[in-house]
Amino acid sequence: VKAVIDFAFGPLGLHRLEAACMPHNARSADLLSRCGFSEEGYARAYLKINGEWRDHRLFGLIAPS
């Protein structure tokens, strides 16, 4: 994840990254938090996985200025 962040904010020049994980996936949420992402919201029925719509926690990261 750190390599993607460095590439996105470096050579690509992006301003913002977004990530999402399923609510029960605490390890993914912890990883995003450790990498600097902030939780921004909750999306109900965000993605259809194995034929069922699944909720997700939403995270965002803004490039350092």
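Two strands count as paired if DSSP finds at least two bridges between them, and this is the sense in which pairing is used below for a model that is predicted.

In β3, Gly-60 is the bridge partner of Ser-38. Strand β2 and strand β3, the latter covering residues 52-62, are joined by eight bridges and run antiparallel. Taken as a whole, the sheet is open and consists of three strands in the order β1-β3-β2, with antiparallel pairing. Its edge strands, β1 (16-21) and β2 (38-49), each pair on one side only, and neighbouring strands of the sheet are turned against each other by 30 degrees on average, with direction ignored.

Two helices meet these strands, and their placement is set out in the table.

| Helix | Residues | Strands met | Direction |
|---|---|---|---|
| α1 | residues 2-9 | lies across β1 and β3 | about 150 degrees to β1 |
| α2 | residues 26-34 | packs on the sheet, touching β1 and β3 | about 15 degrees with β3 |

Turning to the surface, Phe-7, Leu-12 and Leu-14 make a nonpolar patch of about 290 Å². Of these residues, Leu-14 is found in the loop between α1 and β1. Is Leu-14 buried, partly exposed or exposed? Its relative accessibility is 38%, and therefore Leu-14 counts as partly exposed, since buried means under 20% relative accessible area and exposed means over 50%, with partly exposed in between.

Technical notes:
Residues are numbered from 1 along each chain as its sequence is written. This is a predicted model: local features need pLDDT of at least 70, side-chain atom pairs count only at pLDDT 80 or more; totals for chains, interfaces and linings use all residues. Side-chain values use heavy atoms; hydrogens and water are left out. Helices (H or I, at least four residues) and strands (E, at least two) are DSSP runs, numbered from the N terminus. Axes are lines fitted to C-alpha atoms, for helices over the stretch in contact, and angles run from 0 to 180 degrees between N-to-C directions. Contact means heavy atoms within 4.5 Å. Patches are made of residues with over 30% relative accessible area and no salt bridge: like charges are joined within 9 Å, nonpolar side chains (Val, Leu, Ile, Met, Phe, Trp, Tyr) within 5 Å. Accessible areas come from the Shrake-Rupley method with a 1.4 Å probe; for residues, only the protein chains shown count as cover. A salt bridge is a side-chain nitrogen of Lys or Arg within 4 Å of a carboxyl oxygen of Asp or Glu. Buried means under 20% relative accessible area, exposed over 50%, partly exposed in between (1.4 Å probe, protein chains only).
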